[in-house]
Amino acid sequence: ASLVRMTLAPESGALLGSTLYVAGGIATPTATAALGFFRALDLNDPSAGWRQLPSWPGPARMLAVAGASADEFYLVSGVALHRDAQGKPMRTYLSDAFAYHPTRGWRRLADVPSPVVAAPSPAPVMSDGTMLVLGGDDGRSVHRNGPSHPGFPRTLLVIVLVLYAATASWFRVCVMLLALQLSLVGAIWLL
């Protein structure tokens, strides 16, 4: 059955064959709980609309890393949300990982060595199903706000993790130190 449209952000998604899968997210910027939605849209028949699918067997999340191999959709890390004493959203950084197969459903993968929140997504996946996770926020500075927050560094340490599909194991394959030139770019969109 087709689902009612709703606004989601920052959900995670990837294309598996001709089907777009979207997982998690939040409904409003002030949400104190992430969503456990998992939906699919067949791009060969978009008029059929979005299908609600069973959620992964873990916490609802946003800012997860998604990827897709030839036959599985991957959902990795992200943050769960809860309400603090003042009613504001608080993050719990997640290290779990899951794979979804359209006929077999969800399976748990090995945890990533540390959270990789908001890493580039969808993550690149090689032809053998090996997924590369390029960096991500590990949450070490999450409780530092205002003037005490270090901000974005001028260099970026990128830890490349690889999910080796044959064994469902994670490997840290390299660490890259990139120099960043931070600048503000403005754009005007003409429609």
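# Strands, salt bridges and a pocket

Read along the sequence, the pattern of the protein is β-β-β-β-β-β-β-β-β-β-β-β-β. The model is a predicted one. Its secondary structure consists of 13 strands and zero helices. The protein has 191 residues, of which 37% count as buried.

The charged side chains offer a way into this arrangement. How many salt bridges does the count come to? The count comes to three.

One of them joins the side chains of D96 and R61, with an N to O distance of 2.6 Å. D96 sits in the loop between β8 and β9 (97-101), and R61 in the loop between β4 (51-52) and β5 (65-68), so this pair ties together parts that are 35 residues apart in sequence. The contact between the side chains of D96 and R61, at 2.6 Å, is also a polar contact. Are these two residues buried or exposed? D96 has a relative accessibility of 8% and therefore counts as buried. R61 is buried as well, its relative accessible area being 1%. The cut-off behind both assignments is a relative accessible area under 20%.

Another salt bridge links R107 and E72, whose closest N and O atoms are 2.9 Å apart. R107 belongs to strand β10 (residues 105-109), while E72 lies in the loop between β5 and β6 (73-76), so here too the pair ties together parts that are 35 residues apart in sequence. The two partners fall into separate burial classes: R107 counts as partly exposed, at 34% relative accessibility, whereas E72 counts as buried, at 7%.

The remaining pair to describe is D111 and R108, which form a salt bridge with the closest N and O atoms 2.5 Å apart. D111 counts as partly exposed because its relative accessibility is 42%. R108 is likewise partly exposed, with a relative accessible area of 48%. Partly exposed covers the range between the buried limit of under 20% and the exposed limit of over 50%.

R39 presents another situation. This arginine lies in strand β3, which spans residues 38-42. R39 is buried yet has no salt bridge. Which side chain of opposite charge is the nearest to R39, and how far away is this side chain? The side chain is that of E11, at 9.8 Å. A salt bridge requires a side-chain nitrogen of Lys or Arg within 4 Å of a carboxyl oxygen of Asp or Glu, so a separation of 9.8 Å does not qualify. The side chain of R39 does, however, have a polar contact of 3.3 Å with the side chain of Q52.

The last feature to follow is a pocket. The second largest pocket has a volume of about 220 Å³. Its lining is made up of 11 residues, and those closest to the centre of the pocket are L81, P89, M90, R91 and V142. Which strand gives the most to this lining? Strand β8, which runs over residues 89-93, does so with three residues. The end of β8 also leads back to the salt bridges, as D96 is placed in the loop between β8 and β9. By residue class, the lining of the second largest pocket divides into eight nonpolar, two polar and one charged. Arg counts as charged, and R91 is among the residues closest to the centre of the pocket.

Definitions and conventions:
Residues numbered from 1 in each chain as written. Predicted model: local features only at pLDDT ≥ 70, side-chain atom pairs only at ≥ 80, totals over all residues. Heavy atoms only, no water. Helix = DSSP H or I, 4+ residues; strand = E, 2+ residues; numbered from the N terminus. Buried < 20%, exposed > 50% of the residue type's maximum accessible area, 1.4 Å probe, protein only. Lys, Arg positive; Asp, Glu negative; His and termini not counted. Polar contact = N/O pair within 3.5 Å; in protein donor to acceptor, adjacent residues only side chain to side chain. 1 Å grid on protein atoms, 1.4 Å probe; cavity = no way out; pocket = protein on both sides within 12 Å on 5 of 7 lines; lining within 4 Å. Points joined across faces, edges and corners; volume = space filled by probe spheres on them.
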